[in-house]
Protein chains: 6
Amino acid sequence: EPDPDPLQDFCVADAKSPFFLNGAPCLNPSLALSSHFTTSALTKPGNTKANPFGYNVTYLTLANLPGINTMGLTMSRQDLAPNGLNPLHSHPRASEVTICLQGALLVGFVDTSNRLFTQQLGPGDAFVFPRGLVHYVYNLDSRNALAISGFSSQNPGTQIASRAAFVSNPLIPD
Amino acid sequence: EPDPDPLQDFCVADAKSPFFLNGAPCLNPSLALSSHFTTSALTKPGNTKANPFGYNVTYLTLANLPGINTMGLTMSRQDLAPNGLNPLHSHPRASEVTICLQGALLVGFVDTSNRLFTQQLGPGDAFVFPRGLVHYVYNLDSRNALAISGFSSQNPGTQIASRAAFVSNPLIPD
Amino acid sequence: EPDPDPLQDFCVADAKSPFFLNGAPCLNPSLALSSHFTTSALTKPGNTKANPFGYNVTYLTLANLPGINTMGLTMSRQDLAPNGLNPLHSHPRASEVTICLQGALLVGFVDTSNRLFTQQLGPGDAFVFPRGLVHYVYNLDSRNALAISGFSSQNPGTQIASRAAFVSNPLIPD
Amino acid sequence: EPDPDPLQDFCVADAKSPFFLNGAPCLNPSLALSSHFTTSALTKPGNTKANPFGYNVTYLTLANLPGINTMGLTMSRQDLAPNGLNPLHSHPRASEVTICLQGALLVGFVDTSNRLFTQQLGPGDAFVFPRGLVHYVYNLDSRNALAISGFSSQNPGTQIASRAAFVSNPLIPD
Amino acid sequence: EPDPDPLQDFCVADAKSPFFLNGAPCLNPSLALSSHFTTSALTKPGNTKANPFGYNVTYLTLANLPGINTMGLTMSRQDLAPNGLNPLHSHPRASEVTICLQGALLVGFVDTSNRLFTQQLGPGDAFVFPRGLVHYVYNLDSRNALAISGFSSQNPGTQIASRAAFVSNPLIPD
Amino acid sequence: EPDPDPLQDFCVADAKSPFFLNGAPCLNPSLALSSHFTTSALTKPGNTKANPFGYNVTYLTLANLPGINTMGLTMSRQDLAPNGLNPLHSHPRASEVTICLQGALLVGFVDTSNRLFTQQLGPGDAFVFPRGLVHYVYNLDSRNALAISGFSSQNPGTQIASRAAFVSNPLIPD
């Protein structure tokens, strides 16, 4: 819901444009191809060993799916190693709905009055993370877990509060 | 993207409210429970024999997931029998991104200048259907197919043009 | 209502810009002229013989009325020959209000639960077509009919479901 | 463009509701009738003698066309006596496009840098008044004039600056 | 509230861009600096002698605070000489909240049914001016007054109805 | 920018309504009073001893300023003791602009790529905190500090990541 509405059928992001604006410039619509609206970016598991938490999120973005520009949503796949954790983070520009496909996920969000809403998800179960609120996903299972999420913006952004607090560039002064 | 933005952390739809408005009235937020944000509605395959086309779509709605109210998105699962077809239809209030989980899907949309954009999807492949444009999903596979979709509105609506044309209630006069 | 809000008094569409974005780039505002905000595009009846249905719709667009860019609405004139039909179509990005100026119009839309809402309009009567829903306008009169419509987007788009289904380019495979 | 997007096919304003909210509460959608989407409110000329300026504007509103609720636009008819003037006014919540049907209209708006954009309109000519800017319509003709307008909000509101300045209730203190 | 939502963390206005669009083009985000998000533009009182009314408003704009682009709000300082008046004006694209820091302010707005809402404000008191409605601020005090305002758009615009009526360029014809 | 647009001049929040919706129900507009649009809630310093950090933020809310409902913005005052800190937090539904009135403020935000943007502010200086991103305000001065902020939503919400992480109710499981 946070995104401006489209003013034409589509606005395929122009990867070669040197211009920046709110969202992205588009290709001449007469040059739009079916391939601009499709991607295989989510076919392979993300590498859960790339970080100490044992998780990986792959997003559909303007880079791998240029047809998503102005569409007002995106999706992602989330891979978690056994006992992997997608640590407390927020998406500044989107609400999220996550569907567990595999694994046993312990999920939760904290609202602005500091209440925790939490649930355990098995395959097929879904959960809502309201816009901008911190949340987490933990794999209780001894096998890999997989989840698909939808987001209410083409570019939700992700902020991991603990990283922002302690390892920003430059560092936040004490 | 079409939805109004949320004006509070969440607004859990009140299933017992006798009032109607744009969207849905909410529960007193102090009564919100974790269970309002979760659902098992997508855990089971839809019945693809309920219609002659061999497909079934199950949506997350205010009825099965009241926490989705004001979140600006929803999701669905789409089951297709072998050679099942989700026939030409449009969503008047949302763009859609579909991820194929199983099967071999032939998908396509037609834009307002009557161009067809089409693609074949295998497991993990994704495709964009721009807001309000007619589109279809066909399972080329001899096995059941399954896809997950995200939508840029909490209530995208679905209109099957051929049904609207020929079997509306009452019928459109000749 | 679907359009992003304006961020300045006006943003006259720049017909010569080689750039594409959501909506249209604008002229330097210091070059805006009164003529950019006016048009005679609707002064003449559309040719109702250009198609077998006997209707013609002329829209105000960025091409004939560049001042309409970012204004969040457009208008059209609709001409119908005696017994002319504007066949079942939808506007993916706008609601429409039609005012009958001449003729006897049988109008209707079908909602997403397949209910038909229909009415007969004489001169001065108005009717609402909700966003994205299929609808039609038929001239019951033995004389030409004329109607004026307003739309809730600067570029509502028009999709005739039957044409999309049967004569897209390329054709939808059987 | 200023209005929130619809979250359902329609939300027919409930004239009997005792509740107030942003927009209007709706009827149970199962009670919606074709008549809620149509009106004859614009069939008759407004009384141009009701004020000293010789003009009258009749709007489509929730009262005469309840189906317009959440649709994001409205329309009006504007009658002007010979040499009638719709004096300098603004619409706080909408842009406007006016189509002259009869008469010779001198129209204009003033932008926030105090530039005047003005034009003379004959039958069929259209003009854009950007959101919130003061504008006027004057009938140069010795016969009655008639114009149809579209607005980018269901409730644009009208403020006549000179009346607000001099005859508000209570009066603005000197 | 009137502005489109941001589609990235920020979109610092590019002061050197030759392109115009709804809002402003941005710098390559990798070139954004802390200085783009800060300004000293409000540190000094505006010159209340620059006009006969004895007031001056200084806005945060894309020129003095380029980081405000796409943020959906701006702020201003308002200086009033003893008995200075910010005369009847409207902001076509924003609501406003004013906080009195110094002086005794008589403030008011007139709604579209011509009701006046008025109040006297001392230091720390706040008042709401709804979007697009004419309003005024008068300093009852024999000393200078100062107020800070927030606006619900990055570019609210200001229109002084009396100036638009009588000294537009060119003049509105009699 | 995140809020839905107003559909009437104002919608004064009805503090006695038993109903909940996105935003708040309003009073019958004929009962609106000047006092609904004004407040003294910001006249007194907040108690900076109420927490160990030495800061206090007072917001304009529907409770103390019911006229702000549907206006799309709010404001706050922020008091900081000598060396007081408003610790790392985010506003899930709004961008913020802060103006320093007193003190020497060290402010900063971290973007989603973990870059820190920071600045020192003296009286009159302003700074932008983009929507949803974590940020902080620290008073370098040995005297109390005071700042006024504007927000692009009537209810921005505040989330202090460290509190959400460690003292939610119930606690997030280890």
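In chain A, the loop between β2 (55–59) and β3 (74–80) holds A:T70; helices (H or I, at least four residues) and strands (E, at least two) are DSSP runs, numbered from the N terminus. The model described here is a predicted one, in which local features need pLDDT of at least 70 and side-chain atom pairs count only at pLDDT 80 or more, while totals for chains, interfaces and linings use all residues. Residues are numbered from 1 along each chain as its sequence is written, chains are lettered from A and ligands numbered from 1 in the order in which they are written, and side-chain values use heavy atoms, with hydrogens and water left out.

Back to the loop residue: A:T70 has a phi near 70°, a positive value in a residue other than glycine. A:T70 is also buried, with a relative accessible area of 8%; buried means under 20% relative accessible area, exposed over 50%, and partly exposed in between (1.4 Å probe, protein chains only). A second loop of chain A, between β6 (105–110) and β7 (116–121), contains A:N114. Here phi is near 75°, again positive in a residue other than glycine, and A:N114 is buried with a relative accessible area of 12%. Such cases are worth a pause, because most residues other than glycine have a negative phi, and most peptide bonds are trans.

The peptide bonds offer their own exceptions. In chain D, the bond from D:N169 to D:P170 is cis, with omega near -5°, and D:P170 sits in the segment after α1 (161–166) of that chain. In chain F, the bond from F:N169 to F:P170 is cis as well, with omega near 0°. F:P170 is found in the segment after α1 (161–166) of chain F.

Chain F also shows how strands come together. Four of its strands form an open sheet in the order β4-β9-β6-β7, with antiparallel pairing; two strands pair if DSSP finds at least two bridges between them. At the edges are β4 (85–89) and β7 (116–121) of chain F, each of which pairs on one side only. Neighbouring strands of this sheet are turned by 15° against each other on average, direction ignored; the axes are lines fitted to C-alpha atoms, for helices over the stretch in contact, and angles run from 0 to 180 degrees between N-to-C directions. Within chain F, strand β6 (residues 105–110) and strand β9 (residues 135–139) share five bridges in the antiparallel sense. F:V107 has F:V137 of β9(F) opposite it.

In chain C, five of the six residues of strand β4 (residues 85–90) are buried, so this strand is largely enclosed by the rest of the structure. β4(C) pairs in the antiparallel sense with strand β9 (residues 135–139) of chain C over three bridges, and C:L85 has C:Y138 as its bridge partner in β9(C). Two bridges also join β4(C) to strand β11 (residues 159–160) of chain C, the two running antiparallel. There, C:H89 stands opposite C:I160. Elsewhere in chain C, C:S35 lies in the segment before β1 (38–39) and is partly exposed, with a relative accessible area of 42%.

How do the chains meet? The contact between chain B and chain A takes 57 residues from each of them, where contact means heavy atoms within 4.5 Å. Chain B and chain A bury about 4100 Å² between them, 63% of it on carbon and sulfur atoms; buried area is the accessible area (1.4 Å probe) that two parts lose on being put together, summed over both. Two salt bridges cross this interface, a salt bridge being a side-chain nitrogen of Lys or Arg within 4 Å of a carboxyl oxygen of Asp or Glu. B:R131 forms a salt bridge with A:D5, the closest N and O atoms being 2.4 Å apart. A turn of 180° with a shift of 0.0 Å along the axis lays chain B on chain A with an RMSD of 0.0 Å, copies being superposed by least squares on the C-alpha atoms of residues with pLDDT of at least 70 in both. That is the relation of a two-fold axis.

The contact of chain A with chain C involves 15 residues from chain A and 13 residues from chain C. About 1200 Å² is buried there, with carbon and sulfur atoms giving 60%. One salt bridge is found across this interface; the side chains of C:R93 and A:D9 meet in a salt bridge at 2.8 Å, N to O.
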